[in-house]
Each structure stands twice: as structure tokens, then as C-alpha cells.
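Got the structure open in your viewer? Get your selection tool ready and follow along, one stop at a time.

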Amino acid sequence: MAEATAGAPTIGMPTMPVAKPQRTLTASLASEWAVQQRETVIIAGNPKGAGKTTFALSATRPGQRTVVVACDLGKLSIPPGVDKSNVLVVPYQALTREISEGHSKPVKDVYLKLTGDLYEIYDSIRKDRAIKLDGGKEFAPPQNVILDGVSRLNGMLVDGQCSLNNILDPSDLDNKAFKFWGKRLRDILANVEQFASLPCNVILTAWVEEKKTPEGQGTGVYFPDVGGKMDHLTPGEMSNAVYGYSRQGKFFVRTKADGATPWVGMRDRYTNLPAEI
């Protein structure tokens with residue numbers, strides 16, 4: 001019988017696995033961790049008169065630039081003291097659904113422009129480059145971005161999905177409706193997460209909607225009207241979630257949760273702020 005070659009593995013005996021380099025983690029001690037300087041906020045309140053947009057634009061400090069993606073059809077309220085030459089308004093008042101031959105029909109071109117422009121704004125800020133405008137103009141990277149009217153933005157994304165699927169309404173899909181709403185959820189979640197990850201202050205404004213019981217009765221509990229599961233997910237994605245409202249001609253925001261608005265809260269500041277400002 002031939003002798004086994006020295007150093008060669010013996011047939012039938014297990015070989016030792018090759019040791020892999022130990023994995024290293026990108027982490028730091030809490031005592032060395034730099035506090036995030038930017039803010040992400042959702043401001044939700046009644047559709048009109050709650051001061052949501054005014055409050056959002058008040059984040060613009062002297063010398064800062066702000067981009068407002070204006071999805072609401074109403075008038076844009078810019079508070080006194082904000083330099084309008086440093087505010088870029090990207091309007092989306094065009095309708096994503098039109099009445100035609102006795103029924104409403106989604107408009108595809110508006111949806112494609114909306115999603116393309118949203119990505120261009122996001123990509124420009126992420127890469128710290130100027131936003132290209134019509135006529136060869138440019139707008140330098142902003143310190144603040146406001147998505148004004150995410151409640152309507154959700155409806156625009158729904159209409160866009162209808163146009164891409166060549167249907168008039170999501171109910172036309174029958175057994176494929178679950179997949180449709182899953183795509184809508186992914187679209188709005190991707191937009192929220194992309195903008196929330198930017199190296200600048202990001203503010204969303206939304207309406208509120210009262211939650212109902214299975215029998216359709218009001219519960220007295222109100223959440224941001226962002227669309228489906230996003231009503232709950234969006235406040236969690238943002239560092240700060242406040243409820244805006246007016247009383248006797250003055251604007252207020254609620255900074256702490258209560259029975260009617262359990263989603264409200266301010267991370268890292270909970271004990272340092274009054275419940276109402």
C-alpha cells in the first residue's frame with residue numbers, strides 16, 4: 001500500500017474550513033457619536049387654516065435656500081421675513097385625473113414628470129450639485145426641502161399607477177388589486193425614505209384623517225393622511241412628528257402624543273419641550 005504523501009489530506013477525513021477574516025463594523029461609542037444636525041419633520045393638520053405650510057417655511061433661516069415641492073392645489077403661504085428669492089417653488093397643480101366621456105381618466109404625462117422631477121431634486125441634493133432649471137438657470141443645493149401636500153401626492157401616485165396599468169380605477173384590477181396597492185405603498189415609502197435620508201432639513205406637510213371602526217364609526221383618533229399603511233409608517237420615518245392647528249387666530253403645534261394624536265412626538269427632545277407651542 002502506498003504511503004500518504006506528507007501534508008496531503010487523508011481521504012475520508014474532514015478538512016478544516018479556511019478561516020475567514022473577522023468582520024469589522026462601522027460603529028462608534030455613544031460618547032463619540034456626533035449628534036445629527038439636520039431635522040426631518042412631518043406636520044399634519046386640517047386641510048386649511050392649520051398653518052402647516054407657514055410653519056414649514058419658517059424653518060428657512062436668513063441666507064438659507066429652500067425647495068418647496070408644492071402638491072396642494074391651494075395658495076402657497078410664505079411667511080413674512082422669508083426671502084422669496086431663496087425659495088424655489090416646484091408646482092404640481094396640474095391634475096393627474098381629468099373628466100372625459102362620462103368618466104375620469106388618469107393623466108400619464110403629469111405622473112411621469114412628477115416622479116422624474118422628484119428624483120432630480122433628490123439626486124441633486126444628494127450629490128451636492130445645483131438643480132437645473134428652465135432657461136439655463138440653476139438653484140444651488142438647499143438647506144431645506146419641503147414636500148407640501150403629501151396627502152395629494154399619494155393620490156397623484158395612485159393615478160400614476162392607474163395610467164401605467166391602463167385602467168381607470170384600482171377597482172378595475174379585481175384580483176390584482178393587492179399587487180397594485182403594494183406598488184403604491186412602495187412608491188410613497190421610497191419617496192419618504194429618499195428625502196428623509198438627505199443631508200438637509202426635510203419637512204412634509206399632510207392633512208389628517210379620523211380613523212374609523214370596522215362599522216364606519218369615528219374613533220376620535222387622527223393620523224396623517226398619507227395613504228394606507230403610510231399613515232402609521234411616515235411619522236415613524238421622521239425624527240419629529242407634530243400636529244398643527246389654529247385657535248383664536250393663532251397657530252400652534254402639538255409636540256407630545258395624546259389620545260387623539262398618538263403619532264406625535266419629538267425625538268431626543270421629549271422632556272425639553274412643552275406639549276403645545
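Start by selecting serine 151. Is this residue buried or exposed? With a relative accessibility of 11%, serine 151 counts as buried, because the cut-off for that label is anything under 20%. Keep in mind as you look around that this is a predicted model.

Now colour the helix it belongs to: serine 151 is part of α3, which runs over residues 150-164. Which residues does serine 151 touch, leaving aside those up to four places away in sequence? Select Thr205, Ala206, Trp207 and Asp225, and you have them.

Next, zoom out to the whole chain. You should find five helices and 13 strands. The chain has 277 residues, and 40% of them are buried. Its exposed surface comes to about 16,900 Å², with carbon and sulfur atoms supplying 55% of that. Take the contacts with a separation of 6 or more: residues 24 or more positions apart account for 60% of them.

Time for some cysteines. Select cysteine 71, which is buried at 2% relative accessibility. Then go to cysteine 200, also a buried residue, with a relative accessible area of 3%. How many disulfides are there in the chain? The count is zero, going by the rule that two cysteine sulfur atoms must lie within 2.5 Å.

Move on to helix α5, residues 230-237. Highlight Met230, Asp231, Thr234 and Pro235, which are buried. Turn the view to look down the axis: these residues cover an arc of only 130° around it, so they sit on the same side of α5.

Two loop stops are left, both with a backbone angle to check. The first is aspartate 128, in the loop between α2 (108-126) and β6 (131-132). Its phi is near 55°, a positive value in a residue that isn't glycine. Is aspartate 128 buried or exposed? Its relative accessible area is 59%, and aspartate 128 is exposed because that is over the 50% cut-off.

For the last stop, select glutamine 248, in the loop that links β11 (240-247) and β12 (250-254). Here too phi is positive, at about 55°, although glutamine 248 is not a glycine. Show the surface at this spot: glutamine 248 has 81% relative accessibility, so this residue counts as exposed.

Methods
Residues are numbered from 1 along each chain as its sequence is written. This is a predicted model: local features need pLDDT of at least 70, side-chain atom pairs count only at pLDDT 80 or more; totals for chains, interfaces and linings use all residues. Side-chain values use heavy atoms; hydrogens and water are left out. Helices (H or I, at least four residues) and strands (E, at least two) are DSSP runs, numbered from the N terminus. Buried means under 20% relative accessible area, exposed over 50%, partly exposed in between (1.4 Å probe, protein chains only). Contact means heavy atoms within 4.5 Å. Accessible areas come from the Shrake-Rupley method with a 1.4 Å probe; for residues, only the protein chains shown count as cover. The arc is that of the directions from the helix axis to the C-beta atoms.
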